[in-house]
Amino acid sequence: MKTCFVATALLSLMVSVHAHAVSDTATLTITGTVLANTCTLDSGSVKQSIKLDDIADRDIKGRGVTGGTKNIAITLTNCGSAATRVLVTASGTPDDDNSAAFANTLSKASNGATGVALYFFQTDGTTKFDPAGAVTQISTLKPLVDNILTYSASYVSTKDVVTAGAFSTVVNMTFDYQ
């Protein structure tokens, strides 16, 4: 019995030593930065359904003719004490006939208008965002106040003839604080 106890104790010691011999340790240094240059998108700006005014097909007849412009406001709230600039990008589905325009995502089968797309303009009202997300705008922000950025959208004809129907497109916007 004494031999059995010694053998068991020796075996336990070997397993214990072996278990400790294969352990590893790691030290992680985690860093970051607390920023004061950001804002929060106002809840009313996060997801908007914008209804463009109805427009007659004859009013945008001819490739490149625009009409039905509507302003769209995005409100940035809770801007930090160092908030001075935001880099804004818009993206979506490009039109097959005009890659600078956002496509009408409604098909003819679902009563979608044809030969028409959407230009989405920066706050200057003339510079177009690119649906591919290749065009960005740097907007100046005022710290510690709400900032309202006003963009605009217009129908644009992409063919010489526009056929009447419904219109819908999605513009995704990204705000990167500088």
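pLDDT is the predictor's confidence in each residue, from 0 to 100. This is a predicted model, where local features need pLDDT of at least 70, side-chain atom pairs count only at pLDDT 80 or more, and totals for chains, interfaces and linings use all residues. Residues are numbered from 1 along each chain as its sequence is written, and side-chain values use heavy atoms, with hydrogens and water left out.

**Exercise 1. Find out how confident the prediction is, and where pLDDT falls below 50.**

Step 1. Start with the average: the chain has a mean pLDDT of 89. Of its residues, 89% reach 70 or more.

Step 2. Now look for the weak spot. In residues 1-11 the pLDDT is below 50. Beyond near neighbours in sequence, that stretch makes zero contacts in the model (a contact means heavy atoms within 4.5 Å).

**Exercise 2. List the helices and strands in the order the chain runs through them.**

Step 1. Settle the terms: helices (H or I, at least four residues) and strands (E, at least two) are DSSP runs, numbered from the N terminus.

Step 2. Count them: there are two helices and eight strands.

Step 3. Read along the sequence and you get α-β-α-β-β-β-β-β-β-β.

Step 4. Check how far apart the touching residues sit. Among contacts with a separation of 6 or more, 80% join residues 24 or more positions apart.

**Exercise 3. Work out the order of the three-stranded open sheet and which strands stand at its edges.**

Step 1. Strands count as paired if DSSP finds at least two bridges between them. In general, strands of a sheet pair through backbone hydrogen bonds, either parallel or antiparallel.

Step 2. Here the order is S6-S3-S8, with antiparallel pairing.

Step 3. Strands S6 (136-140) and S8 (172-177) each have a single partner strand, so they stand at the edges with one side lacking a neighbour in the sheet.

Step 4. Add the twist: on average, neighbouring strands are turned by 25 degrees against each other, direction ignored. (For such angles, axes are lines fitted to C-alpha atoms, for helices over the stretch in contact, and angles run from 0 to 180 degrees between N-to-C directions.)

Step 5. Zoom in on one pair. S3 (residues 85-91) and S8 are antiparallel partners over six bridges, and Leu87 has Asp176 in S8 as its bridge partner.

**Exercise 4. Find the disulfide and say which parts of the chain it links.**

Step 1. A disulfide is a covalent bond between the sulfur atoms of two cysteines; the cut-off used here is sulfur atoms within 2.5 Å.

Step 2. Searching the whole structure turns up one. Its partners are Cys39 and Cys79, with sulfur atoms 2.1 Å apart.

Step 3. Place them: Cys39 is in the loop between helix H1 (2-21) and S1, and Cys79 in the loop between strand S2 (66-77) and S3, 40 residues apart.

Step 4. Handedness comes from the S-S torsion of Cys39 and Cys79, which is about 115 degrees, so the disulfide is right-handed.

Step 5. Are the two cysteines buried or exposed? Buried means under 20% relative accessible area, exposed over 50%, and partly exposed in between (1.4 Å probe, protein chains only). Cys39 is buried at 10%, and Cys79 is buried at 5%.

**Exercise 5. Describe the surroundings of Asp42 and Thr75.**

Step 1. Asp42 belongs to the loop between strand S1 (40-41) and helix H2 (43-46). Its relative accessibility is 28%, so Asp42 is partly exposed.

Step 2. Not counting residues up to four places away in sequence, Asp42 touches Thr75 and Thr77. The C-alpha atoms of Asp42 and Thr77 are 5.8 Å apart, although 35 residues separate them along the chain.

Step 3. Thr75 lies in strand S2 and is buried, at 17% relative accessibility. Apart from neighbours within four places in sequence, its contacts include Thr40, Ser45 and Ile148.

**Exercise 6. Identify which strand gives the most to the largest nonpolar core.**

Step 1. A nonpolar core is a set of buried Ala, Val, Leu, Ile, Met, Phe, Trp, Tyr and Cys residues joined through side-chain atoms within 4.5 Å.

Step 2. The largest one has 24 residues, and Leu76, Val86 and Phe175 are among those touching the most other members.

Step 3. S2, S3, S5 and strand S7 (147-157) are the elements giving two or more residues. The winner is S7, with four residues.
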